[in-house]
Amino acid sequence: MAGTGESWLVWALLSATFAALTAIFAKVGIENVNSDFATFIRTIVILFAAGGMVYATGHWQSPSTVSPKTWLFLLLSGLATAASWICYFRALKIGPAGQVAPIDKLSVVLVAVFAFAFLGERYSALNWVGIALIAGGAVLVALP
């Protein structure tokens, strides 16, 4: 929990809710437009929304105060996000949202595996069972 009494769980649940709405809105929105162009429009909206949030909260900081390591990893994160969005919108363009979204959520499983392998995060046997169930559930939900 953050020092202000905010819970990461509340923010994570809000994130999941907005991610679900993203799939539904995007599926309708890309109906008559190229998926790459749709991703471009979405990115512009996100740029303005994030800029507005930084302005509204007063959290702007000079880019020179950001370390080179932070710049590198934020750049890599941005590139991975771009690749993810491009792939996601292409998948939504040609597939049903109810099948695309669960496969996209295999990212939960991949995060656990990557966090274990690269960040040294450790999970209990019960956690690994949960990770396997998420993987199996995503595949089962995505079956035609």
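This is a short tour of a predicted model, with a few selections to make in your viewer.

**Stop 1: serine 7.** Select serine 7, in the segment before H1. Is serine 7 buried or exposed? Its relative accessible area is 18%, and buried means under 20%, so serine 7 counts as buried. Now show its side chain, which reaches the backbone nitrogen of leucine 9 at 3.1 Å.

**Stop 2: helix H2.** Next, select residues 35-57, which form helix H2. Try a distance between its end C-alpha atoms: they are 32 Å apart. Why does that agree with what we should expect? At 1.5 Å a residue, the 23 residues of H2 should span 33 Å, so the two values agree.

Go to the N-terminal end of H2 and pick asparagine 34, which caps it. Here a side-chain oxygen of asparagine 34 lies 2.7 Å from the backbone nitrogen of aspartate 36. Then jump to glycine 58, just after H2, where phi is positive, at about 70°.

Which residues of H2 are buried? Colour Ser35, Ala38, Thr39 and Arg42 to see them. Helix H1 (8-29) and helix H3 (68-94) are among the parts that cover these buried residues.

**Stop 3: H3 and H4.** Finally, keep H3 on screen and add helix H4, residues 97-104. The two helices pack at an angle of about 155°, and their axes are 8 Å apart. That angle makes H3 roughly antiparallel to H4. To see the contact, show Tyr88, Ala91 and Leu92 on H3, then Ala97, Val100, Ala101 and Asp104 on H4. The crossing of H3 past H4 is right-handed.

Methods: Residues numbered from 1 in each chain as written. Predicted model: local features only at pLDDT ≥ 70, side-chain atom pairs only at ≥ 80, totals over all residues. Heavy atoms only, no water. Helix = DSSP H or I, 4+ residues; strand = E, 2+ residues; numbered from the N terminus. Expected span 1.5 Å × (residues − 1). Buried < 20%, exposed > 50% of the residue type's maximum accessible area, 1.4 Å probe, protein only. Contact = heavy atoms within 4.5 Å. Polar contact = N/O pair within 3.5 Å; in protein donor to acceptor, adjacent residues only side chain to side chain. Axes fitted to C-alpha atoms, helices over the stretch in contact; angles between N-to-C directions. Parallel < 35°, antiparallel > 145°, perpendicular 65-115°, else oblique. Left-handed = near helix turned anticlockwise from the far one by under 90°.
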